[in-house]
Amino acid sequence: MAAPATSAPAPPGHRKSVTGTRRTVAVLFLLPALVLLGALVVYPIGYSLIRSFYNANGDGFAGFDNYKAIFTDDGIRTALKNNVIWVVFAPTVSTALGLIFAVLTERVRWGTAFKLVVFMPMAISMLAAGIIFRLVYDQDPDKGVANAVWVGIHDTFAQSSAFPNAHLGRESPLKPDQGGFITSTTVHTGQTVTLPLVGVAPDQMPGGAKRAVAAKPDPGRITGTAWQDFTRGKGVGTLGAPDPSELGYDGMRIEAVKNGKVVASAKAAADGTFTLPASADGAQLRLPASNFKQPYNGVDWLGPSLVTPAVIGSYVWMWAGFAMVLIAAGLAGVPRELLEAARVDGATEWQVFRKVTVPLLAPVLAVVTVTLMINVLKVFDLVYIIAPGSSQDDANVLALELYRKGFSEGQPGIASAIAVFLLLLVIPVMLFNIRRLRREERR
């Protein structure tokens, strides 16, 4: 039987040419990406590294002086401290909220709609989100949603005064006393007392206020009137007596004080009249400071002490949806039989969540947390837009300080040093993430 024919091996030169052609094609395909990578990543990093060793003008070698400034300049140290706060709290809170949202919405019908709403802020740019939250945190409760809610809650439990700007008029029988006012002389039963004030705007008067009337004397009691002693027009009205157009101080508190102690008190009626018992005989009448307390105006969210937590809150609003989507995807891959087995064994829902769900989601939670940590190290937009000029130094972060040093203060050497320092901070986190991903692939 004849042996089967075998194909002759290709000449060595032909084999090399094929391999060389493939390499050439591969290089040609990779060349645009490599050019872009070099132009947009490698060159800026290399130039920043070199520039960080030169002075502000770029014509003198500065050594490590720019890097020393990172730890000696007060503005950069504040930025570094704030970056630590950001790295600790922003990823943690965002991941925790994402986990809670993903778990709670897993079994409800409207879970998809809820996830869509929570994820929607991711579609908004940082610039737009910063403008939104600059308005949300506005100090004026009529503009800022945060203070509108806060003031509403506060006023539910502690009603503000209706007479914050009331003050003494001409020839007043009252004098200042501990933030309020008190009569110059003592009063006695059977006497009528006038307690006139001015300064309350018509639109700030209590809604139930009526035309002020002069109180009628009562032999066994002290009576009087507290009212707004002001009538528009020059020379119109009688000073020290209620006029037809003047309103009573509805709800004004009046105290009878003897030897520094309150012996009786009363509240003015809608027409400003009030009555005190005989125990007030020989006392001075006081309008306490509580009548003139300024209305609660909320919290200074963008002040020096709260500006960093406020900006972090806006970041969490944007990125909690990102965390929720990734965690929900991981949760969909969790074996249901393990959860059911734990429930059959008598575990409560909290125990199932803490001892089964969270450990199984640990790889996903690590990915989300590390990704957000890298993201917050570079945060710039939100701080720059939300923090007002008066507290921007207190909210400063490294990326913002880099911008300020490089473009506002004319110190590109220090700005380059900050950029390199930020890169060094990000690299360990990235390496940790890469190693963890490779470990997961081997499994």
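Q: Which residues bring α8 and α9 into contact?
A: From α8, L338, L339, A342 and R343 meet E349, V352, V356, T357 and L360 of α9, where contact means heavy atoms within 4.5 Å. This is a predicted model, in which local features need pLDDT of at least 70 and side-chain atom pairs count only at pLDDT 80 or more, while totals for chains, interfaces and linings use all residues. Residues are numbered from 1 along each chain as its sequence is written, and side-chain values use heavy atoms, leaving out hydrogens and water.

Q: What makes up the contact of α8 with α9 by class?
A: There are 6 nonpolar, 1 polar and 2 charged residues. Ala, Val, Leu, Ile, Met, Phe, Trp, Tyr, Cys and Pro count as nonpolar, Asp, Glu, Lys and Arg as charged, and the others, Gly among them, as polar.

Q: How do you know whether α8 runs roughly parallel or antiparallel to α9?
A: Look at the angle: helix α8 (residues 336–344) and helix α9 (residues 349–360) pack at about 150°, with their axes 10 Å apart. Angles under 35 degrees count as roughly parallel, over 145 as roughly antiparallel, 65 to 115 as roughly perpendicular and the rest as oblique, so α8 is roughly antiparallel to α9. The axes are lines fitted to C-alpha atoms, for helices over the stretch in contact, and angles run from 0 to 180 degrees between N-to-C directions. The helices themselves (H or I, at least four residues), like strands (E, at least two), are DSSP runs numbered from the N terminus.

Q: Why are α3 and α7 called oblique to each other?
A: Helix α3 (residues 74–104) and helix α7 (residues 307–332) cross at roughly 45°, their axes coming within 6 Å. That angle falls in none of the named ranges, and therefore the pair is oblique. By class, the contact of α3 with α7 has 20 nonpolar, 5 polar and no charged residues.

Q: Is S94 in α3 buried or exposed, and how do you know?
A: The relative accessible area of S94 is 0%. Buried means under 20%, exposed over 50%, and partly exposed in between (1.4 Å probe, protein chains only), so S94 is buried. Leaving aside residues up to four places away in sequence, S94 touches Y315, V316, W319, A320, A323 and L372.

Q: How do L431 and V117 fare by the accessibility cut-offs?
A: L431, in helix α13 (residues 412–442), has a value of 43%, so it is partly exposed. V117, in helix α4 (residues 111–119), reaches 57% and therefore counts as exposed.

Q: What makes the phi of E171 and of N259 worth a look?
A: Most residues other than glycine have a negative phi. E171 has a positive phi of about 55° although it is not a glycine, and N259, also a residue other than glycine, has a positive phi near 50°. E171 lies in the loop between α6 and β1, and N259 in the loop between β5 and β6. Their relative accessible areas are 72% for E171 and 82% for N259, so E171 is exposed, and N259 counts as exposed too.

Q: What is the helix content of the UniProt "transmembrane region" at residues 356–377?
A: The unreviewed UniProt entry places this feature at several spans, including residues 116–137 and 356–377; such annotations may be inferred rather than shown by experiment. Residues 356–377 are 95% helix and 0% strand, with end C-alpha atoms 32 Å apart. Residues 116–137 are 68% helix and 0% strand, with end C-alpha atoms 25 Å apart.
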